[in-house]
Protein chains: 2
Amino acid sequence: MAVNEDPRTLAELLWGLRKPRIRGPRPAYDLARLADTAVKVADTEGLEAVSMHRIAAELGLTKMALYRYVNGKTELMAIMIEAAVGTPPDLSGAAGWRAKLEEYARGLSTAWRRHPWLPSVTVGDRVMGPRETAWAETALSALTDTPLTEHERLDAVMMVSHHIRATHPAATQGTQTWTDGSAAPIMRELLLLNASRFPLLATTVAIPSTTTTREFGLLALLDGLDRTITQRTHNNGDEQTASRPDPP
Amino acid sequence: MAVNEDPRTLAELLWGLRKPRIRGPRPAYDLARLADTAVKVADTEGLEAVSMHRIAAELGLTKMALYRYVNGKTELMAIMIEAAVGTPPDLSGAAGWRAKLEEYARGLSTAWRRHPWLPSVTVGDRVMGPRETAWAETALSALTDTPLTEHERLDAVMMVSHHIRATHPAATQGTQTWTDGSAAPIMRELLLLNASRFPLLATTVAIPSTTTTREFGLLALLDGLDRTITQRTHNNGDEQTASRPDPP
DNA sequence: AGAACACTGTGTACGGTAGAGACAGTTCTG
DNA sequence: CAGAACTGTCTCTACCGTACACAGTGTTCT
């Protein structure tokens, strides 16, 4: 990566603020085409297969020609994300914040199942495009009728997203190292070998799991939000009277 | 990366099962020394500064000499992790599963603050070393007295870890893109510019935050776990009588 | 003691990555 | 029609991880 990492120019690219160029020969392709082929490569061969050379070759271009469209690989990744996220789910069918959040989690999950590289990339400090932003906006809409503050709603939404990300099966993320994945059998073996040092883990991996991490976690998460929400709605009117000082 | 990624040999390295070599000249260094210098470089200059060449040069070695100690960069990373994680916190001082989990979260947080690259690396499908495993064992011990099943306890522990990871300030992980980080001001600007499309987000970023995401999230998480735990302890004896069929 | 052997560290080379900069060709604008 | 602006290509650099042959060094066996 290089000195090109100017977030402002990236933002202009993502939000359609690049001034259209008139003079000179027409570009053979456009950003959408670039993004689509890159997404296709990532979907079928994994994210590590996406290199400047590879994508350029896929389009019948030289590697350096790509730099006429994007300022670097960071920008290519950004437009890939925008192309892949799609549109957020419709939450209007679900009644109540809890059902809406569950629906949102489902939507996130299916989108990520379609593009398994997506969760590992839509992370960290970065400029987001309008389509990805729309997801966050949709998620926030699930909590508008709750007594949570604006930032608490955002926190709650992020919690749900992170949980789905962490339990994403094909992710390079927080897969359950102990029970799933290619390293799991080795870990199991090592734990049973050292059962005296790690008795709790050893017994755990010896037992087959009946529940899924994702469901259990989401349940706990929503239960926890429910607690503060119901608590605040009940104390809503009382709080003022209770905190009102007695007249002298 | 190469064909070297054999998880078995990695496991042997991490768990001290490498047969000690006697013949030939003594190696100038050992794995601990390698790991320590690599950790130091990662701590001071970031994880991307850790390359085979860099670490070798730091030790006064040729790049290729490192391959006499580790089979590749994957193994180097693995021993770096083992060297950096340290020992898990002592939870015996905390009373009850909730306080214990909070203490565990605190310990995780301080360990990751010391080595900001650690959370982004201790993730995904991989073989873990004994010291990292000890952390998981410790975390599990917090929940031994709860009516949760073994796998549910593991799930709960993973949830807490993921949450701390996701809210880790210096992480390449799920920092709050909207409110923190270098891209945040740009996102704020874009949202206020497009406030009609993203009203909820726009109002949110316009308001200063009073609470921290980490605390709010951990609260919700533990509240959620509390619900199932207390629910099950109360229904413990009743459940059998309630589910017992009436005599005909 | 001497030979055989095993191991360490070095030098060179390879294929991969992202990217800079000069250049030729094309197309629009004045 | 001429000049300006733009596209795509070519060559080059600087990294990265890693394979492999080789020289030197120390241990072990005879």
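A salt bridge is a side-chain nitrogen of Lys or Arg within 4 Å of a carboxyl oxygen of Asp or Glu. The exercises below use a predicted model, in which local features need pLDDT of at least 70, side-chain atom pairs count only at pLDDT 80 or more, and totals for chains, interfaces and linings use all residues. Residues are numbered from 1 along each chain as its sequence is written, chains are lettered from A and ligands numbered from 1 in the order in which they are written, and side-chain values use heavy atoms, with hydrogens and water left out.

**Exercise 1. Salt bridges**

State how many salt bridges the whole structure has, and examine the one between R18(A) and E75(A).

Solution. Step 1: the search over all chains gives 20 salt bridges. Step 2: R18(A) and E75(A) form a salt bridge through their side chains, with N and O 3.2 Å apart. Step 3: R18(A) is in the loop between α1 (7-14) and α2 (31-45) of chain A, and E75(A) is in helix α4 (residues 73-85) of chain A, so the pair ties together parts that are 57 residues apart in sequence. Helices here are DSSP runs (H or I, at least four residues), numbered from the N terminus.

**Exercise 2. The relation between the chains**

Find the turn and the shift that lay chain B on chain A.

Solution. Step 1: two copies of a chain are related by a rotation about an axis and a shift along it. Step 2: a turn of 180° and a shift of 0.0 Å along the axis lay chain B on chain A with an RMSD of 0.1 Å (least squares on the C-alpha atoms of residues with pLDDT of at least 70 in both). Step 3: the two copies are therefore related as by a two-fold rotation axis. Step 4: within chain B, G224(B) has the C-alpha nearest the axis, at 1.9 Å.

**Exercise 3. The interface of chains A and B**

Describe the contact between chain B and chain A by its residues, its area and its polar pairs.

Solution. Step 1: count the residues in contact (heavy atoms within 4.5 Å). Chain B gives 74 residues and chain A gives 74 residues. Step 2: take the buried area, which is the accessible area (1.4 Å probe) that two parts lose on being put together, summed over both. Chain B and chain A bury about 6,500 Å² between them, and 67% of this is on carbon and sulfur atoms. E137(B), H151(B) and F216(B) supply 11% of the area that chain B buries against chain A, more than any other three residues. Step 3: look for charged pairs. There are 6 salt bridges between chain B and chain A; R227(A) and D223(B) form a salt bridge at 3.4 Å, N to O. Step 4: the interface has 20 residue pairs in polar contact, both at pLDDT 80 or more. A polar contact is a pair of N or O atoms within 3.5 Å; within protein, one must be able to donate a hydrogen and the other to accept it, and residues adjacent in sequence count only if both atoms are side-chain atoms. Step 5: α10(B) gives the largest share of the side of chain B that touches chain A, 12 residues.

**Exercise 4. The DNA strands**

Identify the residues that come nearest to DNA strand C and DNA strand D, and give distances for some of their atoms.

Solution. Step 1: a residue is near a strand if one of its heavy atoms lies within 4 Å of it. Step 2: DNA strand C has 28 residues around it, of which K63(A), A28(B), T62(B), R68(B) and Y69(B) come nearest. Sugar and phosphate make up 63% of the atoms of DNA strand C within 4 Å of the protein. A backbone N or O atom of A28(B) is 2.7 Å from a phosphate oxygen of this strand. Step 3: DNA strand D also has 28 residues around it, and A28(A), T62(A), R68(A), Y69(A) and K63(B) come nearest. A side-chain N or O atom of R68(A) is 2.3 Å from a base oxygen of DNA strand D, and a polar side-chain atom of K63(B) is 2.5 Å from a base oxygen of that strand.

Conventions
Helix = DSSP H or I, 4+ residues; strand = E, 2+ residues; numbered from the N terminus.
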